[in-house]
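Visitor: I should like to understand the reasoning behind the labels applied to this structure. Please set each value against its definition as we proceed.

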Amino acid sequence: SGKITMEEYRTIDSADGCVAWFSKLRKYMAGNKISLLVSRHAEEREGWSRIPTNTPLCPILHHNSSIVRKNHRFWTGGYLDPIWIYEKYLALSTREYPDHVATPNTRLFPGCPFCNTAAGNPCAHGSGRNGPSTGAAFVSYLQSASAVERIDTYGMTFELQEKYGYDFHIDFLAPIVRQCCTKCVFHGAQLKREELFKNVKTNVHAAHSAAVARRDSLRGKLAALRQRPKPWIQHGRR
């Protein structure tokens, strides 16, 4: 979701290893290198039309049924074994999702010292409304894979809640990925976080200012109406 520079695009496209892109493919451009598509609930998105249909898909799932409900067609690239997450708000929908594989106590980065020492059990999936982000769930899986030696991350936006007040995922509430992913190399993440929400904050401020201006204008018009002579009083009508 964060910004990727043209230099970073070139680095990604020339990478020797596996290149994974995520659900919404906001920054993916047709022709970019992609070895794997990682998708929350395996939900088909509009951007998927830009990638080769034989790209394997790694689903991030709360429940088995979600992969069927969210797909209009089966993904021809095939599905890898899912990574299971727990989402508190979906767990409340017991009629639609009667059984979930992960639990509130399922943890990102099992064995990470930060998760064991930080207050409030921040790495437990149930510690936030939407559980871990798609990126954090996948990076946590890679961190545990012995075959993976290095994870380069681009355009990933972690730790947003602490600075901007966005309460989506547990890794937005605490710096879990930075503290626990020892294999990760983060590329320009601080710059990306700042730029990602700079326009959001500007737009919110502009909208608030416009609302205040409309309110003041309406108050002025009402005050002017109250000062106008009443025609029925002028003509002696009561």
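Guide: Let us begin with I151, which has a relative accessible area of 6% and is therefore buried. Buried means under 20% relative accessible area, exposed over 50%, and partly exposed in between, with a 1.4 Å probe and protein chains only. I151 belongs to strand 5 (residues 151-154); helices (H or I, at least four residues) and strands (E, at least two) are DSSP runs, numbered from the N terminus. Between the C-alpha atoms of I151 and T182 there are 9.0 Å in space, and the two are 31 residues apart in sequence.

Visitor: On what kind of model do these values rest?

Guide: This is a predicted model, in which local features need pLDDT of at least 70, side-chain atom pairs count only at pLDDT 80 or more, and totals for chains, interfaces and linings use all residues. Residues are numbered from 1 along each chain as its sequence is written, and side-chain values use heavy atoms, with hydrogens and water left out.

Visitor: Why is helix 5 described as largely enclosed by the rest of the structure?

Guide: Helix 5 (residues 134-144) has 11 residues, and nine of them are buried, so the description follows. The buried residues are T134, G135, A136, A137, F138, V139, S140, L142 and Q143.

Visitor: What makes a group of residues a nonpolar core?

Guide: The term denotes a set of buried Ala, Val, Leu, Ile, Met, Phe, Trp, Tyr and Cys residues joined through side-chain atoms within 4.5 Å. The largest such core here has 26 residues, and those with the most contacts inside it are F109, F114, F138, V139, I176, C180 and C181. At least two residues of this core come from each of strand 2 (36-40), strand 3 (57-61), helix 4 (113-117), helix 5 and helix 8 (176-180). Helix 5 contributes the most, with five residues. In soluble globular proteins, nonpolar side chains tend to be buried together.

Visitor: Why is F109 called buried or exposed, and what is notable about its phi?

Guide: The relative accessible area of F109 is 3%, so this residue is buried. It is found in the loop between helix 3 (88-91) and helix 4. Phi of F109 is near 45 degrees, a positive value in a residue other than glycine. Most residues other than glycine have a negative phi.

Visitor: How do you know that W21 and Y28 form an aromatic pair?

Guide: Rings of Phe, Tyr and Trp (its six-membered ring) pair if their centres lie within 6.5 Å; planes under 30 degrees apart count as stacked, over 60 as edge-to-face and the rest as tilted. By this rule there are two aromatic pairs. For W21 and Y28 the centres are 5.1 Å apart and the planes stand at 85 degrees, which makes the pair edge-to-face. W21 has 8% relative accessibility and therefore counts as buried; Y28, at 3%, also counts as buried.

Visitor: Why is the pair of F22 and F138 edge-to-face?

Guide: Their ring centres are 5.9 Å apart and their planes lie at 80 degrees, so the pair is edge-to-face. F22 in strand 1 (residues 20-22) and F138 in helix 5 are 116 residues apart, and the pair thus links distant parts of the chain. F22 is partly exposed because its relative accessible area is 24%, whereas F138, with 6%, is buried.

Visitor: What makes the contact between E87 and R40 a salt bridge?

Guide: A salt bridge is a side-chain nitrogen of Lys or Arg within 4 Å of a carboxyl oxygen of Asp or Glu. The closest N and O atoms of E87 and R40 are 3.7 Å apart, which satisfies that limit. E87 lies in the loop between strand 4 (83-84) and helix 3, and R40 in strand 2, so the pair ties together parts that are 47 residues apart in sequence. Both E87 and R40 are buried.

Visitor: How many salt bridges does the whole structure hold?

Guide: The search finds two. R150 and D152 also form a salt bridge, with their closest N and O atoms 2.8 Å apart. R150 counts as exposed because its relative accessibility is 54%, while D152 is partly exposed at 32%.
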